[in-house]
Amino acid sequence: MNVGVVILVHNAFDRAEQVVRHWSAGGCPVVIHVDKNVKRAAHDDFVKSLADVPNVLFSKRHRCEWGTWGLVAASQSASAMMLAKFPDVRHVFLASGSCLPLRPIKDLQVYLAKRPRTDFIESATTADVPWTQGGLDFERFTLRFPFSWRKHRFLFDRYVEFQRRFKMFRRVPEGIVPHMGSQWWCLTRQTLSAILEDPDRKVYDTYFRRVWIPDESYFQTLVRLYSQSIESRSLTLSKFDYQGKPHIFYDDHLQLLRRSDCFVARKIWPDANRLYDNFLNEEYPLKGAEPNPGKIDRIFSKAVERRTRGRAGLFMQSRLPRPGHENGFTSSPYSVFEGFSELFEDFEPWLARMTGTRVHGHLYAKDGVEFEGRQTTFSGALCDNPKLRDHHAQLFLVNLIWNTRGERQCFQFGPNDSQHVSWDLAKDPNAQISVISGAWAIPLFQSNRNFSDIRADAAELQRLESEHLNALRSPFVKARIRIWTLAEFIETPMEALQTVLDEMGAKNLRRVTEAPKMADLTGFGQFLQNLKNQGMHPYLMGDFPADNVSVNERPTRRKPYLVR
Amino acid sequence: MGALTSYRLRLQRKRWHLRARRKSRELSVVKDRTSQIKPNDVFVFSTFRNEDIRLPYFFKYYRDLGVDHFFMVDNDSDDGGGDYAASQPDVSVWKASGSYRKSRFGVDWLNHLQRKYADGHWTLVVDPDEFFIYPFCDTRPIRALTDWLDASDIRSFGAMLLDMYPKGRLDAVPYNRGQNPMEIASWFDSGNYTISKNNLFYNLWIQGGPRARMFFKEEPWRAPALNKTPLVKWRKDYAYVSSTHMILPRGLNLVYDEWGGEKASGILLHAKFLDTFGVKAQEELSRGQHYAASHEYKAYAEGIAQHPDLWCKWSEKYINWRQLEILGLMSKGNWA
């Protein structure tokens, strides 16, 4: 008992010839179908080149276009010929000219001999698989498709719409349930002959002639009528991309293919010399192992994922998502602090010590980017020049977070800074924003300037911060946001800091033991009152009493002691 | 207004073709080997002036990728580069006597030659200091890429210009004829690029890198464009508009995905910053033949006089395409 191979060829005849010789040398009879689109001269040359190989026949030629009946007709006439001319064939293996056997032919023969009644054909009902392209799943069996999808897409789509609109559905023939799957199968003589000699074959053929992509459903459906035992998987390793086009194998896939233990792979790039040389010439030990394409599966599904979803937080020459389609505006979480470095004198070094993250100053400061340690350049060769930064303020942030993947970034922000990114921060789910509103007044309070200038600045800063807070409170917000007024914050500064750090999920999560040094606010209340007296009402810092209060001292508690 | 805009762009394309035809009178054949070309050959098109020192490695690099034929336009070289190119077995050379600027920086000449010879071929339009990198370029020849693009119905392939520079002064290490320039200029900026989209032509406008960082700090909008679409399955009715930054019909400029995915893309390593650069900048400035009234070269000449170090401690050293892929400068997209 033996395995017969049916090969459908339409190009790369030199490679097809090599593979046919290989099959034949392994003792398999071969029936070849050459696409009718191939020019006569090329066809004749091909036939001539195989004249010296025993047990190779050529079947009646059909015109094969992708997704049309021709491919089924070709498989039918070639397999009928195989069954008629080679009576000792038990399994018929359908392959294409760009298929490459990866394991010794003997291995396949032994494998199939051990499973004499099993049909290997991927066959699933449409409702249960997400394979289909173009939104046509069950409809491929109920509509008509007279126009080519590749060449006349417009007509194809319009005609589909038309049929849906007027409910012009076809009836599926009695007794069959449409199934579909990979077009590369391996069937037993019993099953295949039952399909080919079915008294109703004419009915089925007429029906499938008008189905879309019948080569993926004709045998897959009919096999369910006759097979005694179906293994619903293909022995041919064949992966498809997100558009339903087959992935191609190259020389650098050699090790992967070898380890996959699959019997046959497609599609091989015709110029992949190393693959052909290796798999067709070298002697491999018989393994008898089950095919295991897991690793290849992962590589190709990753490729599909990259093409459809991309890497989050990356903006580059071939990925420029429209707003809302970024699948993550930035690549990883980061923290924004507003008002903290104004309230605390040593906030940046303290935060770096407590959390072990990268802590920058005001990245969006008007007179220059304040990178950590006030470096002039930073990761990815970002530059501290404010004009370069503001040339594209959003991408500056996106780039910074992308360049420092794997390390959490923290930076200061406030109304003194350029405000281009205000909304982007608010809408970014990766942003953790903590705000002490009104803290911008502290540097003004400490400054040695004329009060009229201070008043003008305060009014402007208050306006800017209030605009920013509106963004942070809008319904479009996705960032994690906490806002305290200055007055609220200084009531319980340690608790507030602890909450923020807890949220950051710092690794060495312990109680904050050491407090940052708070600015001296003696007289601050009076300062605010002076602003009010000048007609400028500072409201963002909350209610500050005009008289001096000691703000940052906790009442000293006496040490508790036990009374026995 | 979609149809009207399309029609306007169509007229514009016709105008570029007419212009290319008119400018083709400035071209004279030096060596015509176009009878050698075969139906599926991949071509390189390039304009050069006084690049003799770079040409040997340029030809070698692209031959190794599997390019079959070179179409070179020699813009009045006087260093023997034209003769060298003409002596190569797979190179056709034209001499252009006209003004580089008035031929829109060589685009008109190349548009004409491409229209005449490249119909139906994959063409790569690069300068002699640009080296094309694509996914798997160390294991797969360029024909693997073009076959895959054909199979995926993709007509054009984007490759961003990546400025390479040496560590230290530009003139510290002299470049030798035939040497791989990336041995000297092996550093690049990995993550300071900005992107915006041209809503008329659909191409991206990418800026950044060491040139923006060093020479265009004060006027970042003037920094040179880095987006390029150098690899195109050419057809007679295509036309480059501005260098290889923009092409018509505008659908060819859509080499990026807007719905979150990544399309496959490559990189053009730009080995401009070698010891030859200072001389070149001076020469180009005096000729006044470059883009935007040679503004770019003015900025360079001013900057170069102080012998700046383009290198900074965050510069990346070039290793291979996989490194560029991981850094997010290019992408494998769907190709695996």
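Start by selecting helix H15 of chain A, residues 393–403, and look at what covers its buried residues: the cover includes strand S13 (334–338), strand S16 (382–383), helix H14 (386–391), strand S17 (409–413) and helix H16 (422–427) of chain A. Strand S10 (193–197) of chain B belongs to that cover too, so colour the two chains differently before you go on. Keep in mind throughout that this is a predicted model.

Now show the side chains of H15(A). The buried residues are A:Leu395, A:Phe396, A:Leu397, A:Val398, A:Asn399, A:Leu400, A:Ile401, A:Trp402 and A:Asn403. Because nine of the eleven residues are buried, the helix is largely enclosed by the rest of the structure.

**Where the chains meet**

Next, select the contact between the chains. How many residues does each chain bring to it? Chain A brings 48 residues and chain B brings 50. On the chain A side, the elements that give two or more residues are helix H11 (294–308), strand S15 (377–378), S16, H14 and H15. You have already met H15(A) as a helix with buried residues. Which element gives the most to this side? Select H11(A): it gives seven residues, the most of any. If you colour this side of chain A by class, you will find 20 nonpolar, 15 polar and 13 charged residues.

**Stepping back to chain A**

Hide chain B for a moment and view chain A as a cartoon. Its secondary structure comes to 21 helices and 19 strands. Rotate the chain and follow the C-alpha trace, which spans about 110 × 60 × 60 Å along its principal axes. A compact globule of 564 residues would have a radius of gyration near 24 Å, whereas chain A has 36 Å. Of the 564 residues, 42% count as buried. Among contacts between residues at least 6 apart in sequence, 77% join residues at least 24 apart.

For one pair of residues separated in sequence, select A:Leu497, in helix H20 (residues 493–504) of chain A, together with A:Leu351. The two are 146 residues apart in sequence and 9.9 Å apart in space, C-alpha to C-alpha. Is A:Leu497 buried or exposed? It counts as buried because it has 21 C-beta neighbours inside 10 Å, and the cut-off for buried is 20 or more.

**A sheet in chain B**

Bring chain B back and find its open sheet of seven strands, in the order S1-S4-S3-S2-S5-S12-S7, with mixed pairing. The edge strands are S1 (27–31) and S7 (156–157) of chain B, each pairing on one side only. Zoom in on strand S2 (residues 42–48) and strand S5 (residues 122–125) of chain B: they run parallel and are joined by four bridges. Here B:Val42 stands opposite B:Trp122 in S5(B).

Add helix H4 (residues 107–117) of chain B, which packs on the sheet and touches S1, S2, S3 (69–74), S4 (91–96) and S5 of chain B. The direction of H4(B) makes about 155° with that of S2(B).

**Last stop: two helices**

Keep H4(B) on screen and add helix H1 (residues 2–23) of chain B. Their axes are 8 Å apart and the packing angle is about 95°, so H1(B) and H4(B) are roughly perpendicular to each other. Among the residues that meet here are B:Trp16 and B:His17 in H1(B), and B:Trp109 and B:His112 in H4(B). By class, the contact has three nonpolar, three polar and five charged residues.

Terms used: Residues are numbered from 1 along each chain as its sequence is written. Chains are lettered from A and ligands numbered from 1 in the order in which they are written. This is a predicted model: local features need pLDDT of at least 70, side-chain atom pairs count only at pLDDT 80 or more; totals for chains, interfaces and linings use all residues. A residue is buried if 20 or more other C-beta atoms lie within 10 Å of its own, exposed if 12 or fewer, and partly exposed in between; C-beta atoms are placed from the backbone. Two residues are in contact if their C-beta atoms, placed from the backbone, lie within 7 Å. Two strands pair if DSSP finds at least two bridges between them. Axes are lines fitted to C-alpha atoms, for helices over the stretch in contact, and angles run from 0 to 180 degrees between N-to-C directions. Ala, Val, Leu, Ile, Met, Phe, Trp, Tyr, Cys and Pro count as nonpolar, Asp, Glu, Lys and Arg as charged, and the others, Gly among them, as polar. Angles under 35 degrees count as roughly parallel, over 145 as roughly antiparallel, 65 to 115 as roughly perpendicular and the rest as oblique. The radius of gyration is taken over C-alpha atoms; the globule rule is 2.2 Å times the number of residues to the power 0.38.
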